Amino acid sequence: MSTLSQKIEQRTARVVVIGIGYVGLPLVVEFARAGFRVTGYDKDPTKVQLFNQGESYIEDIPTAVLGPLVKEGRADATTDTTVLAQADAVIVCVPTPLNKTKEPDISYIVSATEEIAKHQHKDMLIVLESTTYPGTTREVLAPPLTRGFELGKEVFICFSPERVDPGNKHYGTRNTPKVLGGSTEACITAGKALYSKIIDHVVPVSSTDTAEMVKLLENTFRAVNIGLVNEMAQFSRSLGIDPFEVIRAAATKPFGFMPFYPGPGLGGHCIPIDPLYLSWKLRALKVQAKFIDLADEVNSSMPEYVVGRVVDALNDQRKPLKGSRILVAGIAYKKNITDVRESPAFDIIAGLSRRGAEVEYTDPYAPEVHEHGLHLKGVDPSGSFAPYDAVVIVTDHDSFDYPRMAREAQLIVDTRDVMRRHTEERRHIVGL
Ligand SMILES: NC(=O)c1ccc[n+]([C@@H]2O[C@H](COP(=O)([O-])OP(=O)(O)OC[C@H]3O[C@@H](n4cnc5c(N)ncnc54)[C@H](O)[C@@H]3O)[C@@H](O)[C@H]2O)c1
């Protein structure tokens, strides 16, 4: 331990981040800024090449920040696993998706663990940051990494959930408190020593299982509350009430209420997926996570609900959906970012197309997408909205010209309540 802690204190510890995507790249940058020598190890040669050219591929990390760190030799990237042999601290930030049957796919964690084990040596700190079910670090990561190395003396294992919020202008890596659980007290001490060099406030918890559960609670809290307002949006319409107006007014209560807003469905790599890691784990214990299952059911129904709103709105204009030209505005899963993973826009496009609509999309952040086996090319966001029978706002990017959209479009289905800020004329605008 003393060698490792000394190296961390002197910032001579070599840090290797496995997986330099949305989570890993900001960490590489922070450790390099803090004076550590950092290498990003990734299987994706395109990311590695861009990184080594000093070019960022993640909006939150400007090339102007990454470039100098690469140029000064403080950070580099590689596809070569042997770099792990030189690592004092390894941070694992690989994907944790669901498989086709909506069950956890931890194969990326397993393969990263195998790669570390191949190059493991004494005095190594290994931290898992990928979101996963409680028990993963203890059951999947620790056994292969403690063969021949004493836990808490020769190898230090932690779990620390990542809380990065892409596009958030106020909270980044440094000022977002970081929860940390260790396999032993000594593991927490080592992990805390490392993270406190790049993060203002580290929050230790008693075990890796607890730290894993913290992340799942945070994201389940969001999924359940979004499910609640999505259901509320659906029955408010049946009551002839605008759900957004209700929530905005309720949010004026200064205590005991936290506003969540309805939308076209969940998206991204976290909120639609993470709670299902927990419900899967609970199923094995014969426990049903009722809130998670219900929220998943309601949230998953939203794209189809949006399609229904389009059908009804066209119907009011005496038009059938079949043969209508529809423009989906925004394909990224949230505003002002390029990430389209799990975006509800895909199900909305599929639902409209299946019913015979001619669907196009426009998104300044994602002019072309390759997802779900589809290759889609968006239309120019500066083009006219007039030729479309309806424009469906799925993602409320700030850069869309909403006043022009309000003037030109024949009908707007606004799933984000964004038009309220841009036009008084609501005759041709339909909410969620
Ligand atoms: N994106 C977010 O906003 C966010 C927020 C909090 C937590 N998380 C969690 O963090 C984890 C990573 O998510 P992400 O969004 O950064 O994913 P990402 O897809 O952007 O990046 C993961 C990277 O890991 C690489 N990779 C996969 N297996 C590898 C291996 N065996 N060796 C080396 N590289 C490998 C991939 O090529 C990819 O570049 C996930 O568990 C996710 O749930 C993500």
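Trainee: Which elements cover the buried residues of helix 2?

Mentor: This is a predicted model, and in it the cover over the buried residues of helix 2 includes strand 1, strand 2, helix 4 (63–71), strand 3 and strand 4. Helix 2 spans residues 24–33, and because nine of its 10 residues are buried, the helix is largely enclosed by the rest of the structure.

Trainee: Which residues of helix 2 are buried?

Mentor: A general idea helps in reading such a list: an α-helix has 3.6 residues a turn, so residues three or four places apart point the same way. In helix 2 the buried residues are G24, L25, P26, L27, V28, V29, E30, F31 and A32. Just after helix 2, G35 takes a positive phi of about 100 degrees.

Trainee: Where does a positive phi turn up in a residue other than glycine?

Mentor: Most residues other than glycine have a negative phi, and most peptide bonds are trans. One case here is R11, whose phi is near 60 degrees; R11 sits in the loop that joins helix 1 (2–10) to strand 1 (14–18). D123 is also not a glycine and has a positive phi of about 65 degrees, and its place is the loop between helix 5 (107–118) and strand 5 (124–128).

Trainee: Is D123 buried or exposed, and why is R11 called partly exposed?

Mentor: D123 is buried, because 20 other C-beta atoms lie within 10 Å, and 20 or more is the cut-off for that word. R11 has 13 other C-beta atoms within 10 Å and is therefore partly exposed, since that class lies between the buried cut-off and the exposed one of 12 or fewer.

Trainee: How should I read the sheet to which strand 1 belongs, and in what order do its strands stand?

Mentor: Strands of a sheet pair through backbone hydrogen bonds, either parallel or antiparallel. Here eight strands form an open sheet in the order 3-2-1-4-5-6-7-8, with mixed pairing. At the edges stand strand 3 (75–78) and strand 8 (202–205), each with a single partner strand, so that one side of each is left without a neighbour in the sheet. From one strand to the next, the twist averages 25 degrees.

Trainee: In what sense do strand 1 and strand 4 pair, and which helix lies across strand 2 and strand 3?

Mentor: Strand 1 and strand 4 (residues 89–92) pair in the parallel sense over four bridges, and V15 stands opposite A89 in strand 4. The helix you ask about is helix 3 (residues 45–52), which lies across strand 2 (37–41) and strand 3 and runs at about 155 degrees to strand 3.

Trainee: What is the order of the open sheet of five strands?

Mentor: The order of that open sheet is 10-9-13-14-15, and its pairing is parallel. Its edge strands are strand 10 (358–362) and strand 15 (429–431), each of which pairs on one side only. Neighbouring strands of this sheet are turned by 20 degrees against each other on average, direction ignored. Strand 14 (residues 412–414) and strand 15 make a parallel pair over three bridges, in which I412 stands opposite I429 in strand 15.

Trainee: Which strands does helix 11 lie across?

Mentor: Helix 11 (residues 290–316) lies across strand 9 (325–329), strand 13 (390–393), strand 14 and strand 15, running at about 150 degrees to strand 13. Helix 12 (residues 344–354) packs on the sheet as well, touching strand 9, strand 10 and strand 13, and its direction makes about 155 degrees with that of strand 10.

Trainee: How many residues lie between the strands in the hairpin of strand 11 and strand 12?

Mentor: Two residues lie between the strands of that hairpin, where H372 takes a positive phi near 50 degrees. Strand 11 (residues 368–371) and strand 12 (residues 374–377) pair in the antiparallel sense over four bridges, and E368 stands opposite K377 in strand 12.

Trainee: Which residues come nearest to the ligand?

Mentor: Of the 26 residues around the ligand, those that come nearest are G19, G21, Y22, V23 and S130. Helix 5 gives the most to this shell, with three residues, and the shell as a whole divides into 13 nonpolar, eight polar and five charged residues.

Trainee: Finally, how far apart are the C-alpha centres of domain 1 and domain 2?

Mentor: The domain assignment gives domain 1 (2–206) and domain 2 (221–431), and their C-alpha centres lie 34 Å apart. In the contact between them, 13 residues of domain 1 meet 13 residues of domain 2. On the side of domain 1 that touches domain 2, the residues divide into six nonpolar, four polar and three charged.

Methods: Residues are numbered from 1 along each chain as its sequence is written. This is a predicted model: local features need pLDDT of at least 70, side-chain atom pairs count only at pLDDT 80 or more; totals for chains, interfaces and linings use all residues. Domain bounds come from an automatic or database domain assignment. Two residues are in contact if their C-beta atoms, placed from the backbone, lie within 7 Å. Ala, Val, Leu, Ile, Met, Phe, Trp, Tyr, Cys and Pro count as nonpolar, Asp, Glu, Lys and Arg as charged, and the others, Gly among them, as polar. Two strands pair if DSSP finds at least two bridges between them. Axes are lines fitted to C-alpha atoms, for helices over the stretch in contact, and angles run from 0 to 180 degrees between N-to-C directions. A residue is near a molecule or strand if its C-beta atom, placed from the backbone, lies within 6 Å of it.
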